[in-house]
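Trainee: Could we go through the empty spaces in this model together? I'd like to understand the reasoning behind each label.

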Amino acid sequence: MAASPTRLSKQERREQLLETALAVVRVQGADGLTLPTLAEAAEVSRPIVYDHFGTRNGLLTALHRRLDEQHRAALTRALGEAPPTGPEVAHVMSAAYFACATAMPEFNAVTAALKGNPEMEVIQREMLDDYTDLMATALAPHSALGVRALRLRCVGVLGAADAIAAELNHGRTTLDDAVTALTDLIVSALSQPLPQVSQAR
């Protein structure tokens with residue numbers, strides 16, 4: 001039988017449950033996280049967990065949002081301390097990205113658990129848009145590209161960052177090499193495109 005829950009505000013209880021959910025994923029993987037296992041781990045009654053998240057997908061989605069918010073907050077803090085040059089901003093951005101990728105391995109597990117969920121696909125698109133906007137805004141002062149062109153390049157760089165992060169998490173590259181590679185890609189993305197080659201008639 002679950003112990004009587006400590007008196008917390010609804011927001012405090014939600015934060016406690018999300019922290020406990022992260023701990024469960026860290027140890028057991030996303031497959032080990034359900035509403036009943038969360039209630040047991042947090043030592044609260046099941047109705048409390050159901051009241052906060054409704055369904056397992058609701059819990060995983062809330063967890064995914066929390067991790068994404070932490071990721072963007074870390075990048076924002078890092079950019080606030082970055083020296084005012086394009087290469088330095090690119091380096092700080094890359095280091096912050098992979099610091100989160102290595103410090104939050106639960107992110108990939110939660111994302112994989114939500115794969116195929118139509119609602120989550122919409123949410124992930126919104127999150128990608130927010131992260132892309134943050135990145136493009138930070139890089140805009142260091143690029144002569146137009147807003148749309150720079151933003152599209154940021155989308156491409158983020159796709160590459162995810163691929164490099166997968167290599168890093170599987171031990172196929174080092175953190176230093178990952179940061180260097182992503183920094184180089186970002187710096188390259190800031191440059192003007194080459195003149196178009198005319199098509200032979």
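Mentor: Gladly, and keep in mind that this is a predicted model. The largest cavity is lined by Met93, Tyr97, Tyr131, Met135, Val157, Leu158, Ala161 and Leu182.

Trainee: What makes Leu182 a lining residue of the largest cavity?

Mentor: A lining residue needs an atom within 4 Å of a point. Leu182 is listed in the lining of the largest cavity, so Leu182 has such an atom.

Trainee: How many nonpolar, polar and charged residues does that lining have?

Mentor: The lining of the largest cavity has eight nonpolar, no polar and no charged residues. Tyr97 and Tyr131 are in that lining, and they count as nonpolar because Tyr is in the nonpolar class.

Trainee: Which helix gives the most to the lining of the largest cavity?

Mentor: That is α8, with three residues; α5 and α7 also supply at least two each.

Trainee: How do you know how many cavities of 30 Å³ or more there are?

Mentor: A search of the whole structure finds one. The largest cavity has a volume of about 30 Å³.

Trainee: Why is the space of about 640 Å³ called a pocket?

Mentor: It is the largest pocket, and a pocket is an open set of points, whereas a probe in a cavity cannot get out, so the label means that this space is open. Of its 22 lining residues, the closest to the centre are His64, Tyr97, Phe107, Thr111 and Asp162.

Trainee: What is the mix of classes there?

Mentor: Eleven nonpolar, seven polar and four charged residues line the largest pocket. Asp162 is one of the lining residues, and Asp counts as charged. α8 gives the most to this lining, with seven residues.

Notes. Residues are numbered from 1 along each chain as its sequence is written. This is a predicted model: local features need pLDDT of at least 70, side-chain atom pairs count only at pLDDT 80 or more; totals for chains, interfaces and linings use all residues. Side-chain values use heavy atoms; hydrogens and water are left out. On a 1 Å grid over the protein atoms alone, a cavity is a set of points where a 1.4 Å probe fits but cannot get out, and a pocket is an open set with protein on both sides within 12 Å along at least five of seven lines; lining residues have an atom within 4 Å of a point. Grid points are joined across faces, edges and corners, and a volume is the space filled by probe spheres set on the points. Helices (H or I, at least four residues) and strands (E, at least two) are DSSP runs, numbered from the N terminus.
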